[in-house]
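Reader: Please take me closely through one part of this model: the place where the two domains meet. Set it in the context of the whole chain, and end with the unusual backbone spots.

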Amino acid sequence: MNKAFVREPDAESALRCPACQGRGTEGAAAAAAHHLADTDRAHLAAEVWFCGNAECEVVYFDMFEQMVSVDRLPAPVWPWSSSAPICACFGLTLEDIIADAEDPEPLRIRALLLQSKSAAADCRTLAVSGQCCMTEVQKQYLRMRQGR
Ligand SMILES: [Zn+2]
């Protein structure tokens, strides 16, 4: 079969950011409601996607190509601000990850891993993305370990 006719399995379900064409993360409605003023939240449909591209000024969008930009958030957030916490629930920052990468054992990240599985974690609401931060934490940790 010609490769051109084979579609990527998730290419259709993933919505792309209208501004940067990056793949959005679905399920950000609770996070958008928590982080946006009511007037900004009202710009978006019930289903909300998150654009995590730090080069893009859009943070939330919907399937009707309505967008809310990151400057509408009340405070700077990761990854647009590298000093903002990566973990919205427990406050882990890039600095903590750098410290862990330099230590013999990543104790801060191990502690966060336990916390992230506890009832105190509320990523769907508190994280701007609506997702648990562990994937991003692991990515940054690997980057720091390789960059040494
Ligand atoms: Zn975008």
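Author: Along the sequence, the elements of this predicted model run α-α-β-β-β-α-α-α-α. That makes six helices and three strands. The strands are S1 (49-50), S2 (58-61) and S3 (67-69).

Now the overall frame. The C-alpha atoms fill a box of roughly 50 × 45 × 30 Å along the principal axes. The chain has 148 residues, and 26% of them count as buried. Take the contacts between residues at least 6 apart in sequence: 54% of these join residues at least 24 apart.

Next, the division. Domain 1 covers 7-72, and domain 2 covers 94-146. Their C-alpha centres lie 23 Å apart. On the side of domain 1, 10 residues make contact with domain 2; on the other side, eight residues take part. Which element gives the largest share of the domain 1 side? Helix H1 (residues 29-35) does, with four residues. By class, this side of domain 1 has five nonpolar residues and five polar ones. Charged residues are absent from it.

The contact between domains leads to the core. The largest nonpolar core has 29 residues. Seven residues have the most contacts inside this core: Ala 28, Ala 32, Val 48, Val 59, Tyr 60, Cys 87 and Val 137. Which elements give two or more residues to the core? They are H1, the strands S1, S2 and S3, and helix H4 (107-116). Why does this core lie between the domains? Domain 1 (7-72) and domain 2 (94-146) both give residues to the core, so its place is between them. H1 thus appears twice in this account: in the domain 1 side that touches domain 2, and among the elements that give two or more residues to the core.

Look closely at Cys 87. This residue is one of those with the most contacts inside the core. Leaving aside residues up to four places away in sequence, Cys 87 touches Leu 92, Leu 112, Cys 133 and Val 137. Val 137 is itself on the list of residues with the most core contacts.

Then there is the loop between S3 and helix H3 (94-102). Pro 79 sits in this loop. The peptide bond from Trp 78 to Pro 79 is cis, with omega near 0°. Pro 74 is in the loop between S3 and H3 as well. Is Pro 74 buried or exposed? Pro 74 is exposed, because 8 other C-beta atoms lie within 10 Å, and the cut-off for exposed is 12 or fewer. Pro 74 and His 35 are 39 residues apart along the chain, yet their C-alpha atoms are separated by 7.2 Å. His 35 falls within the range of H1 (residues 29-35).

Two more backbone spots deserve a look. Most residues other than glycine have a negative phi, and most peptide bonds are trans. Gln 21 has a positive phi, near 65°. Gln 21 lies in the segment before H1. With 11 other C-beta atoms within 10 Å, Gln 21 is exposed. Glu 65 also has a positive phi, near 60°. Where is Glu 65? Its place is the loop between S2 and S3. Glu 65 counts as exposed, because it has 11 C-beta neighbours inside 10 Å.

Technical notes:
Residues numbered from 1 in each chain as written. Predicted model: local features only at pLDDT ≥ 70, side-chain atom pairs only at ≥ 80, totals over all residues. Buried ≥ 20, exposed ≤ 12 C-beta atoms within 10 Å, placed from the backbone. Contact = placed C-beta atoms within 7 Å. Domains from an automatic or database assignment. Nonpolar A, V, L, I, M, F, W, Y, C, P; charged D, E, K, R; others polar. Core = buried A, V, L, I, M, F, W, Y, C linked by C-beta atoms within 7 Å.
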